[in-house]
Each structure stands twice: as C-alpha cells, then as structure tokens.
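Visitor: I should like to learn how to read the features of a structure one at a time. Could we begin with the aromatic rings?

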Amino acid sequence: MADFLLELLSEEIPARMQAKAKEDLARLFNDALSKAGLAAQSVETFATPRRLALIAKGLPLATEAVSEETKGPKVGAPPQAMEGFLRKTGLTQDQLVERDGIYFAIVEKPGRNTADVLGEAIPAIIRAFPWPKSQRWGAASSSTESLRWVRPLQGIIALLGNDIVPCVIDGIESGRHSMGHRFHSRGPIEIANADAYVEALRAAHVIVHFSERCTLIRDGAKAAAEAAGLVLVDDEGLVAENAGLTEWPVPMLGRFDPAFLEVPQEVIQLTARVNQKYFVCHDRDGKLANAFVCTVNIVANDGGAAIVAGNEKVLAARLSDAKFFWEQDLKVPLDEQAKKLAQITFHEKLGTVADKVERVAKLARWLAEEGIVIGANADEAERSARLCKADLVTGMVGEFPELQGLMGGYYARAQGETDAVADAVRDHYKPVGQGDDVPTAPVTVAVSLADKLDTLVGFFQFDEKPTGSKDPFALRRAAIGILSLILDNNLRVSMRDLITAAAHSGGSNAGIDVANFLIDRLKVQQREAGIRHDMIDAVVSVTHGGDNVLMVKRVKALQGFVTTDEGANLLAGYKRAANILKQSGDDKNSRHPELVSGSDSADGEDTRMLKQVQHDGLGEAEALLLTALDAAEPKAAAAIEAEDFEGAMTALASLRAPIDAFFEGVMVNDPDPAVRAFRLGLLARFRDAVHRVADFSKIEG
C-alpha cells in the first residue's frame, strides 16, 4: 500500500470554480482507478487560488492479475460469426475453450504496477477536466490540439509513496516540486510524499484546507470588528469567496467617510460586498457603521496600514459614485423618470416598458376595486404601479441593477408618497422565486400580482412560452410568484377571471395554456409541502374556475383521507367499480345513476326496468348500498358547499362497508338485462358520488 499525491499548479483559479473542481477531480480520479481495478481507502481533494490537489490513501502498488472470459458463438455457428469473434478477441479458433456447445475466449491479464496506471490516468484526467471556462496559452495555443486548462498550467506533482509517477502533458513533466505563497515564499519547495504535502505548504505560507481558511476568515473578521467595538454582519457566502481568493488569509478592518452613510445602506453593502468582497459592520445599536473588513493575502510588515489605506481609497471611490447618483436621482421626481420608460422596449411584441406600466396600473386597480386583494386602496395600487418601474432609468440602478425596486422605494418615500405606495414600489418584484419572501401588504400584493400576470399572460398570448429547459423571460418564476401571492394571501379568485383580466389586446387566446402552465407550476410548488401531483390532478379534474386557495385546501384534505385505511379501502372500491363500468361500456353513461335514483328524467324503458327490479325485490347488499348513497350524497354535497372537505371525505367514507358488501354479495352482470342495468347504475352512482370530491381514477397506487 502507498499514498498518492497529485497537485496541479496553475495561475489564478476563479474562486467560484474551486468547489466544483474538487468534486470533478475526485470523480475523474476514482473513475480511472475503477477502470483499472484499483480502489483507494480514501480520497481527499484541495483547492486554493493557485492549485488543485488530491491525496489518495492506501493505494495497492499493483493491480491483481485477472482472467477475462468472453462468451462466443455456438459450436456450428456460421463462419462469419466465428470470424468476427476471433477478430474481436485476437485469438485463433484453437485457442478458444468449448463448454456446453459454446466457445469461450479466456484471456489471462497480468497485474500492472499502479504507477503505470496512474502515469496513463493523469494526462487523461487533465485533458478531460470539465472546467466551465478554459483557455490555451503560449506558443502552443495556435494549435487546437494543445492543452486547455482554466488558467495556464505550470506544474504537476505526482508522487506514489516517495517516488515520482512519470508522465508528461503538453511539455509539462511531473515532478515533486511545488510553489509556496506568491510573496512569502521564494523558489520551488520539494515535497517528499503525500504525508508531507500539507505541512510543507503551510511552511511556505499556503493553507491548502479550504475549511481552515474559512475559519481563519470568519474568526479573524469577527475579532477585527469586535476590537473596534463593532459587530460583523455574518455572510457565509463572502467567507467562502474570500477563502477562494487567498492562500494565507488575513482579515483587516478599514473605515470610510461617515458622510457616505447618507446613502441607503443597501447601496453601501452592495458596493462593499459585490465589488470589493468586503464585510460590513454594525454598531452596537444595529445601524450600519462606517467600517468594513477586507481579507488580504499577505502578512504586511507595517501591520497592514498601507493595505488598509489602499482598500479604503478604492471603496471611497465607489461610494463617491454611489453618493453622486443618489443625490442626482433625488432631484428628479419619479413621474418625470417614468416618462423615459416610453423609450425602452419591454418586448417587441409587448411594447415598451411604459406600455407595460399602463397595463399593470389598470390591472392593479381592478384587483383592488373588485375586492380580490382585500384592503388594497385602488388609488394607491394604481399610483404604485405607475411608479414601480421608474427607477430603471435612474443613475443608481443603471450602475447597480441589483437595486431595482429597492431604490424606487427610497425615491418614492423621499418625494412624499405614502408608505403603502413606497413599499409597493420597493417590493413589487417579490417573490423573485420559490422560497423568497412573499408580500402581504395589500397594495404591494395588488401591484406584484398585476405585474406578474401581465408578463405571464402576455408572453403566452404572443407564443413566447418556455420550451424545455429554456425560459428566457423567467415565466416559470413569474407563475410561482403568482401562485405564492394567491395562496399566502388567501386570495379567493378564479384563475380564469385573472387571466381574462390580464389578456393583451391583439394577442391570441392562450387561456387554457396559461391555466395548464399554472397547474404544472402548482405541482412543483406544492411538492415541497409534501403534496403529491396525482392528488392535484384528481382535484383539478372535478373543479372549475381555478380558485387555487380552494383547490389546495381540497387537495390537502384528499391526501390526508386516502392515506387512512378508510380512504385506501374506498379508493380500492372505487377502482373496482370503475373497471366494471368501463368493461360494461357504460363508464361515461349517466343513465344508470338516474335510474337507480328514480329520477324523472329516466326514459320509459328505464322506468319500467326500475319498477321491475323493485317489484322483484332488492337484494340485501343492493338495498344497503342504495340507502348509504341516499344518505351520503347530500351530506357530501353540503360539506363541499361549505368548503368542509374533511366532512365530505367523512361522508364518503360511510360508503366503504356497503360497497365492500355489494362486491361480495352481488353479481353485477346478471343475465336479466334489467337487473344488470340496475346494478351498473348503483356503481355509477357510487362513482359519481366520489367524483363530487375528486376524480379517484387520477390517484396513483
């Protein structure tokens, strides 16, 4: 047994690619070992900005000798079959073994040195590595055959035990020398073996463990903030990103001019985080402080004063730009900004952004006036909608697109709009996906729902629907947003009415497509809540209008019911009845239910048959089921009318014993046509009673 070390040294590897690169390296390495019949006791991978490495513990020094047996043609098979088999195996016919009338080729393969296996595998792994982006470099880059790597590859360490595994790729030979920290280490460092790798690099100011670098950054940044009497704003994403940018991380505290705090704190946070990778701090009162923590990749001789000063200067320049945009934007009312939206195309088939704003304003007012969004003031809803896109043309959002909506809220509040309007402008994009906060303020709900409905219906009407994995207009996200707004705010409205109200003039009729799309999204959305898709299908089949709140309520009751013993037995009885009706050819015939209920609509022949059956006398099981149906149907109907779906399920559950007794004691296909028709009618009536709640035929299992 021996341990194996592989290090691929290169120029800077982007932080965002490092985690996936570690996974890919382990996967490719294990695949290569598996093909050779080898397996390591453990495999650990490392990534820093300049290197990707792997240590495999406990590798055998050689593969086992194996005997491979290949089944060939039968004795007496056509000559062509035998010739093909011999070509495939490289043997002659007298080298084959005959067993039970069949030829077998048996090839003895001796074991191989693991070093030889690795020497072949390493170049293959490097060439096959799936970087999201890669490049060629140097003089060889003119050839399409030259190596591609994320950044220019500079060295390969390949050590099995204490020995170098020889291999060459694109002129780079494997060896045992690496490079330490770019500034704190000079010249190559020699690695003896895998066991010495981590500490040898640590001595050269390189921490190869990602988790260790994260801990240093997390703890160091917190300590730097606390030393200044501040509280670090936790940000694990930023911790990971800084760990991917440094090999020897050192967090340091810097300051910026307190005057910049006049700018909305989200702008400062965004500038510090996204542009500079800095942590921000709060004071003891929870307010944003004029301080930040940067992570440098060096231990400075002056304690970091010059580095901090440089970072402060860079951040000050960014914040100066932000402050300038903020002050300039405040000088222009949002109504004036909104006029510029007429110059921006929303979509070639859906007009300008100003056109969209006009549609959304009308729709938001309608949602408020119709009482669909209870508590929403119609004037405020329309006003919010007319202002909600105006910040798109401001200088701040032009510089920081991530702040759209948020800045509009600030500007609206600054120009004296009501809190309801400002909040709606700020939050109307929410929810931006599943799991995002869903607005609950009535005016915001009206504007957000109107905005998303206009987008979804419009693109469907003009045949710009999502296809496969492509969704360029984020319509799936819009649909999830619509459903979340409706369900979380208990909006009792028909989807048919909403789609009709949001329809664009000049577009095609896409109501059914939109409705089906929303049902599919509802299944996806409810999956996380544990709702099965077949339950939704069962309810959708018997409900109309698309009241999603009611539908989800019914679906949850149904799922709860069918998972009980009573529900499972009733489902089994339903499926047996449905099969009998289908085989009889009467699965969609409504004649039988009318017959057994004695309806006046039954024709003369049916009435005659009913009277004959009643004259001859009902069997006990038939009478029991008929009585149970008479009792259960009105109860279930009344419960459904009252939206008490658990009550409706309970009423249906009373049919379980009578239907079981019916199947045990009655032969449905009686030779007498009148008796057979009557019994089929009983089953149809039972089926239709169940359908009042859901189409059980859609339920799986």
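Guide: Rings of Phe, Tyr and Trp, the last by its six-membered ring, pair if their centres lie within 6.5 Å; planes under 30 degrees apart count as stacked, over 60 as edge-to-face and the rest as tilted. Please note that this is a predicted model.

Visitor: How many aromatic pairs does a search of the whole structure find?

Guide: The search finds 14 aromatic pairs. One of them joins Phe46 and Tyr197: the ring centres are 6.3 Å apart and the planes stand at 50°, so this pair is tilted. Phe46 belongs to strand E2 and Tyr197 to helix H4 (residues 194-203), so the pair ties together parts that are 151 residues apart in sequence.

Visitor: Are Phe46 and Tyr197 buried or exposed?

Guide: Buried means under 20% relative accessible area. Phe46, at 3% relative accessibility, therefore counts as buried, and Tyr197, at 0%, counts as buried too. Another tilted pair is formed by Phe129 and Trp149, with 5.2 Å from centre to centre and 55° between the planes. Phe129 and Trp149 both lie in the loop between H3 and strand E7 (153-160), 20 residues apart. Phe129 and Trp149 are buried, and together with Trp131 they form one aromatic cluster.

Visitor: Let us turn to helices. Why does the length of helix H1 agree with its number of residues?

Guide: The reasoning rests on a rise of 1.5 Å a residue: the 21 residues of helix H1 (residues 15-35) should span 30 Å, and the end C-alpha atoms are 31 Å apart, which agrees. Helix H1 nevertheless has a bend of about 25° at Ala21. Just after H1, Gly37 adopts a positive phi of about 80°.

Visitor: Which residues of H1 are buried, and what covers them?

Guide: The buried residues are Met17, Gln18, Ala21, Asp24, Leu25, Ala26, Leu28, Phe29 and Leu33. Ala21 thus appears both at the bend and in the buried set. The cover includes strands E1 (2-10), E2 (42-48) and E3 (51-59), as well as helices H3 (114-128) and H5.

Visitor: How should I read a sheet?

Guide: Strands of a sheet pair through backbone hydrogen bonds, either parallel or antiparallel. Here, an open sheet of 3 strands has the order E4-E6-E5, and its pairing is antiparallel. Strand E4 (66-74) and strand E5 (97-99) are the edge strands, each pairing on one side only. From one strand to the next, the twist averages 35°. Between E4 and strand E6 (residues 102-109) there are 7 bridges in the antiparallel sense; in this pairing, Ser67 has Glu108 in E6 as its bridge partner. Helix H2 (residues 79-89) packs on the sheet, touching E4 and E6, and its direction makes about 165° with that of E4.

Visitor: What is the strand order in the open sheet of 4 strands?

Guide: The order is E13-E15-E16-E14, again with antiparallel pairing. Its edge strands are E13 (231-232) and E14 (250-255), each of which pairs on one side only. Strand E14 is joined to strand E16 (residues 288-296) by 6 bridges, and the two run antiparallel. Arg255 stands opposite Ala291 in E16.

Visitor: Which helix lies across these strands?

Guide: Helix H5 (residues 210-227) lies across E13, E14, strand E15 (279-282) and E16, running at about 30° to E14. Helix H5 is also among the elements that cover the buried residues of H1.

Conventions: Residues numbered from 1 in each chain as written. Predicted model: local features only at pLDDT ≥ 70, side-chain atom pairs only at ≥ 80, totals over all residues. Heavy atoms only, no water. Pairing = 2+ DSSP bridges. Contact = heavy atoms within 4.5 Å. Axes fitted to C-alpha atoms, helices over the stretch in contact; angles between N-to-C directions. Expected span 1.5 Å × (residues − 1). Bend = angle between axes of the 7 residues up to and from the residue. Buried < 20%, exposed > 50% of the residue type's maximum accessible area, 1.4 Å probe, protein only.
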